[in-house]
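The report below looks at charged side-chain pairs, at a set of paired strands and at enclosed space in one protein model. Please read it alongside the sequence and the coordinates.

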Amino acid sequence: MQLSPVLDELAQYPFARLDDWKAEAAASGVQLIDFGMGDPREVTPAFIREALASSIDPVSSYPRATGLPELREAIASWAGRRFGVDVDPATEIVPTLGSKEAIFSFAQVVLGEKRLVAVPEPAYPVYERGARFANGAIVTVPLTEEGSWLPDLDAFEAWDEIALFWVCYPNNPTGAVAPLSFYEELAARARRHGFVLCSDEAYSELWFDEPPVSALQIEDRTNVAVFNTLSKRSSMTGYRSGFVCAPPDLCNALRRFRPTVGTAPQEFVQRASVAAWSDDSHVEDVRALYRRKRETLLPALEAGGLRLAGSQATFYLWCDVGGSSEAFARRLLGHGIVVAPGAFFGAAGEGYVRFALVPTQAECERAAAILRDVL
């Protein structure tokens, strides 16, 4: 029996390694406070759960890849309220099982004669992994603190060879944000050179000062695909509900592809998602929760000599630790604090660690006390 060679070529998924570390620590009796994975543990608002429960029919049917019209309309209405843009719900929106599966499979739809995919570093690993499983090739685009964690477009040379250029703002893992001028310039290059600008905006609704902009606000979205999700905005990671917003021809390709792989969201989840996208007040409450956690943890980190190196938005604190990120993470793990080493996000992340502000407020307070003692 032969398996995909890509499985052997890829290193172990970084967070599987983190799970191994955590299991070792827990087995030795260490009580863990987990800032490692970006998996919110806040309560999903009651009105969303009620919408889900009331939508479970006695007879179950296969969902359609196009998604419910009312969900597409709710997403388009949210985009209009949030970003002041007009999106056609019938032709420019495809509901997805969260954003991860859509990001992973996107290369299978788009890669043709051109096989090269540009991915940032440090970054969420799925951009690269999805491209590799689609037999794509990777060119890495470094992000640096000196460059405000934005790619240097003038230093990039493979414009005519790439099929996809991935960006993520607000950024995972650094928490950096991007100006609209950056999106406009990258979109202009996408049109000129014939590639797709892929914008992962999973954290667009988590900010502390100013609301981040979106690639949806680009004047000409001809070569632009935007990915978003309810996972962080509405504390719905387990619901697996997101969308792709793209030009009609690209959405049509996604609709042809997705029935083959069976990734249409369940209709009861879609109806709960209609409720979530239609309400903005609960998101203000979510932002307030993360702001309070940030205000609890950050002073303890800074008192211990760590420097915040981004983190204008998202629920991540990206900190300069002045040395090996894995060694620092293992040291904190011995005291019960789980963080993600920056090296897990690529070589450019070395020297930093990421705290995901997902533990409870009480756990954040306990973690702050521990950090003041051990840093």
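A residue is called buried when its relative accessible area is under 20%, exposed when it is over 50%, and partly exposed in between. The model discussed here is predicted.

**Salt bridges**

In this model, the count of salt bridges comes to 19. Three of the pairs are set out in the table, each with the distance between its closest N and O atoms.

| Pair | N to O distance |
|---|---|
| Glu 70 and Arg 271 | 2.8 Å |
| Arg 307 and Glu 145 | 2.5 Å |
| Arg 189 and Glu 185 | 2.6 Å |

Glu 70 forms a salt bridge with Arg 271. Glu 70 belongs to helix α4, which covers residues 69-83, while Arg 271 belongs to helix α10, which covers residues 267-277, so this pair ties together parts that are 201 residues apart in sequence. Glu 70 has a relative accessible area of 31% and is therefore partly exposed, and Arg 271, at 32%, is partly exposed as well.

Arg 307 forms a salt bridge with Glu 145. Because Arg 307 lies in strand β9 (residues 307-308) and Glu 145 in the loop between β4 (137-142) and β5 (162-168), the pair ties together parts that are 162 residues apart in sequence. With a relative accessible area of 38%, Arg 307 counts as partly exposed, and Glu 145 is partly exposed at 22%.

The salt bridge between Arg 189 and Glu 185 is set within one element, since both residues lie in helix α7 (residues 180-193), 4 residues apart, or about one turn of the helix. Here the two partners fall into separate classes of accessibility: Arg 189 has a relative accessible area of 11% and is therefore buried, whereas Glu 185, at 32%, is partly exposed.

Salt bridges also link Asp 19, Lys 22 and Asp 34 in a network.

**Strands around β10**

Arg 307 also takes part in the pairing of strands, for its bridge partner in β10 is Asp 320. Strands β9 and β10 run antiparallel and are joined by 2 bridges. β10 also pairs in the antiparallel sense with strand β13 (residues 352-356), in this case over 5 bridges, and within that pairing the partner of Cys 319 in β13 is Val 353.

How many of the 5 residues of strand β10 are buried? In this strand, which covers residues 316-320, 4 of the 5 residues are buried, so β10 is largely enclosed by the rest of the structure.

**Enclosed space**

Rolling a probe the size of a water molecule over the atoms shows where empty space is left. The structure holds 1 cavity of 30 Å³ or more, and about 30 Å³ of space lies in the largest cavity.

The residues that line the largest cavity are Pro 120, Leu 143, Pro 151, Phe 165, Trp 166, Val 167, Cys 168, Tyr 169 and Asn 171. β5 gives the most to this lining, with 4 residues; this strand, at residues 162-168, is also one of the two that bound the loop holding Glu 145. In terms of character, the lining of the largest cavity divides into 8 nonpolar residues and 1 polar residue, with no charged residue among them.

Technical notes. Residues numbered from 1 in each chain as written. Predicted model: local features only at pLDDT ≥ 70, side-chain atom pairs only at ≥ 80, totals over all residues. Heavy atoms only, no water. Salt bridge = Lys/Arg side-chain N within 4 Å of Asp/Glu carboxyl O. Buried < 20%, exposed > 50% of the residue type's maximum accessible area, 1.4 Å probe, protein only. Pairing = 2+ DSSP bridges. 1 Å grid on protein atoms, 1.4 Å probe; cavity = no way out; pocket = protein on both sides within 12 Å on 5 of 7 lines; lining within 4 Å. Points joined across faces, edges and corners; volume = space filled by probe spheres on them. Nonpolar A, V, L, I, M, F, W, Y, C, P; charged D, E, K, R; others polar.
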